[in-house]
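Q: Hey, I've got this structure open and want to get a feel for its insides. Can we go through it together?
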Amino acid sequence: MFNKRLIGIFAFCSWLCSCASSPINSGVTITQTPIPVKVVVVSMFEIGEDEGDTAGEFQLWKERMDLDTRFAFPNSHHDIYMNMDKGVMGVVTGMGTAKSTSAIMALGLDPRFDFSKAYWLVAGIAGIDPEDASIGSAAWAEHLIDGDLAHEIDPREMPNDWKHGYFPLFSESATPMAAYQEPFNGEMYTLNLSLVDWAYELTKDTVLPDMPSLEETRKLYVNHPKAQQQAVVMKGDQLAAMTFWHGAMMNDWANDWVSYWTKGQGEFVTSAMEDTGTYLSLSYLDNIGRVDLDRYLVLRTGSNFTMPPPGITAAQNLMAENEGYAGLQAALESAYLVGSKVVNALLADWATYETTLPGSGN
């Protein structure tokens, strides 16, 4: 067994060494000097092919940023693509916290690349709270909250004075939510707020797509004035959970959960899956000097609402969404329109932003 393990380790090391000098399909040969990366655009899924068909989160970036150089990435979900002239890389982690965590860790340790000055931009779709905004809207997160680390009992068995059957890990009560404890186990992360503010100020006046399918859905939400408005760019926090939840009661839980972990400073706006996992990997990579965690941004755009409109049950609405999101194409466009402004601004003044973070005041 010991010898087999040694053989495996040597084989892996040999593979890493070969990657550092292997050709890529553009004909460019990578030397042992790592390629400096300026911006990594992180998407989570693609639909079908990477180009020329129905777009997922990655396709618009690949086509419009000319990410035409491919790097094989067999130890993760999807190959890496890059615009070598611009220094922009696009990755697809796969859906869910487990895949995002492993993909970003594998990427950050890849010896072919130098990420020490790279900015990391998550640009993906999400469910959006109709209390806060309409589908198609784009939200820059200040806090990332994990929705998986918890205690849970079936709501049908919970005490009458409990609001939720899902409550913080190691807590003894959920009335209304347990006494606050510090998020020592990865329950909540706070991003570089100065960088988030800079990105928001840069993009807040972006005109986002509007189309008939959005209006048809918006007008159903008669009890939610902000849901009936056209899409906007805003700041709003991200709740990441592996379970695709839906409904008014779960939406109430999400708002309470985010408020709890942020001590009332945060506001639940978008629901997705992966961003706490990406943060965790970047934090470990930061510890060993591979990345700068302060250069991490999360942009989520609303492809669907997190609860149904009046007259439709949560189950009915969830099943309908499985057939397609009314705001999917608008959300994908919003993610690119807003996110690319930040990418282009970083590239345009790279002489400054390579060493000085935007919004730092230095």
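A: Sure. Start with the largest cavity in this predicted model: its lining is made up of F73, S76, H77, H78, V91, V92, T93, A103, I104 and L107.

Q: Okay, which elements give two or more residues to that lining?
A: Those are β5, which covers 88–92, and α3, which covers 97–108. The largest share comes from α3, with three residues.

Q: And how do the lining residues of the largest cavity divide into nonpolar, polar and charged?
A: Six are nonpolar, four are polar and none are charged.

Q: What volume does the largest cavity have?
A: About 50 Å³.

Q: How many cavities of 30 Å³ or more are there?
A: The count comes to two. The second largest cavity has a volume of about 30 Å³.

Q: What lines that second largest one?
A: Its lining consists of G56, E57, L60, W61, L332, A335 and Y336. Two elements, α2 (59–64) and α9 (328–348), each give two or more residues to it.

Q: Which element has the largest share there?
A: α9 does, with three residues.

Q: And what about the classes in the lining of the second largest cavity?
A: You get five nonpolar residues, one polar and one charged.

Q: Switching topic: how do α3 and α7 pack?
A: Helix α7 is residues 275–287, and its axis lies 7 Å from that of α3, at an angle of about 30°. An angle under 35 degrees counts as roughly parallel, so α3 is roughly parallel to α7.

Q: Is the crossing of α3 and α7 left-handed or right-handed?
A: α3 passes α7 in a right-handed crossing.

Q: Which residues meet there?
A: On the α3 side, they are T97, S100, T101, I104, M105 and G108. On the α7 side, look for T276, G277, T278, L280, S281, L282, Y284 and L285. This contact has six nonpolar residues, eight polar and no charged.

Q: Wait, I104 sounds familiar. Where did we see I104 before?
A: In the lining of the largest cavity. I104 also belongs to the α3 residues that meet α7.

Q: Nice. Now α4 and α9: at what angle do they cross?
A: Roughly 110°. Helix α4 is residues 193–203, and its axis and that of α9 come within 9 Å. Angles of 65 to 115 degrees count as roughly perpendicular, so that's how α4 and α9 sit relative to each other.

Q: Left-handed or right-handed, for the crossing of α4 and α9?
A: Right-handed.

Q: And which residues of α4 and α9 meet?
A: W198, A199, L202 and T203 in α4 meet V338, K341, V342, A345 and L346 in α9. Split by class, that contact has seven nonpolar residues, one polar and one charged.

Methods: Residues are numbered from 1 along each chain as its sequence is written. This is a predicted model: local features need pLDDT of at least 70, side-chain atom pairs count only at pLDDT 80 or more; totals for chains, interfaces and linings use all residues. Side-chain values use heavy atoms; hydrogens and water are left out. On a 1 Å grid over the protein atoms alone, a cavity is a set of points where a 1.4 Å probe fits but cannot get out, and a pocket is an open set with protein on both sides within 12 Å along at least five of seven lines; lining residues have an atom within 4 Å of a point. Grid points are joined across faces, edges and corners, and a volume is the space filled by probe spheres set on the points. Helices (H or I, at least four residues) and strands (E, at least two) are DSSP runs, numbered from the N terminus. Ala, Val, Leu, Ile, Met, Phe, Trp, Tyr, Cys and Pro count as nonpolar, Asp, Glu, Lys and Arg as charged, and the others, Gly among them, as polar. Axes are lines fitted to C-alpha atoms, for helices over the stretch in contact, and angles run from 0 to 180 degrees between N-to-C directions. Angles under 35 degrees count as roughly parallel, over 145 as roughly antiparallel, 65 to 115 as roughly perpendicular and the rest as oblique. A crossing is left-handed if the near helix is turned anticlockwise from the far one by less than a right angle, and right-handed if clockwise. Contact means heavy atoms within 4.5 Å.
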